[in-house]
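Student: Please give me a close look at a single part of this model. I would like to know what it consists of and what surrounds it.

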Amino acid sequence: MTERPGFFLGPCLFDHVTPEMSIYTDEIFGPVLCVVRAETYEDAARLVSENPYANGAAIFTRDGSAARRFEH
């Protein structure tokens, strides 16, 4: 494999991201996961539906009912 010039940053996790941060508002490419925390299920659903990129979303919860609502 031939090395290519430039910079490479391995997989990154950014926690406690808010919708006001540029990492949330500007589309970035690479192995990056941004964790946005929400107080309620409704807040989380609103964040997903208002995001213009809609690249993907996941829910991490202890509430099985919320997980099923998210799935459907």
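Tutor: Arg46 is partly exposed, with a relative accessible area of 40%, where buried means under 20%, exposed over 50% and partly exposed in between, judged with a 1.4 Å probe and the protein chains only. The model is a predicted one, in which local features need pLDDT of at least 70 and side-chain atom pairs count only at pLDDT 80 or more, while totals for chains, interfaces and linings use all residues. Residues are numbered from 1 along each chain as its sequence is written, and side-chain values use heavy atoms, with hydrogens and water left out.

Arg46 forms a salt bridge (a side-chain nitrogen of Lys or Arg within 4 Å of a carboxyl oxygen of Asp or Glu) with Asp43, and their closest N and O atoms are 3.0 Å apart. Both residues belong to helix H2 and are three residues apart, so about one helical turn separates them; helices (H or I, at least four residues) and strands (E, at least two) are DSSP runs numbered from the N terminus. Asp43, at 24% relative accessibility, also counts as partly exposed.

This pair is one of three salt bridges that the structure holds. A second one also involves H2: Arg69 pairs with Glu42, with 3.1 Å between the closest N and O atoms. This pair links distant parts of the chain, since Arg69 sits in helix H3 and Glu42 in helix H2, 27 residues apart. Arg69 is partly exposed at 43% relative accessible area, and Glu42 is partly exposed at 45%.

The remaining pair joins Arg37 to Asp15, with the closest N and O atoms 2.7 Å apart. Arg37 lies in the loop between S2 and H2, and Asp15 in the loop between strand S1 (12–14) and H1, so the pair ties together parts that are 22 residues apart in sequence. Arg37 is exposed, with a relative accessible area of 52%, whereas Asp15 is partly exposed at 36%. The loop that holds Asp15, between S1 and H1, also contains His16, which has a positive phi of about 60° although it is not a glycine. Val35, in turn, is placed in the loop between S2 and H2, and at 24% relative accessibility it counts as partly exposed.

H2 also takes part in the surroundings of the largest pocket, whose volume is about 1200 Å³. A pocket is an open set of points on a 1 Å grid over the protein atoms alone where a 1.4 Å probe fits, with protein on both sides within 12 Å along at least five of seven lines, and its lining residues have an atom within 4 Å of a point; points are joined across faces, edges and corners, and the volume is the space filled by probe spheres set on them. Of the 31 lining residues, the closest to the pocket's centre are Cys34, Val36, Gly56, Ala57 and Ala58. The elements that give two or more residues to this lining are helix H1 (22–25), strand S2 (32–34), helix H2 (41–50) and helix H3 (64–71), and H2 supplies the largest share, four residues. The lining divides into 21 nonpolar, six polar and four charged residues, where Ala, Val, Leu, Ile, Met, Phe, Trp, Tyr, Cys and Pro count as nonpolar, Asp, Glu, Lys and Arg as charged, and the others, Gly among them, as polar.
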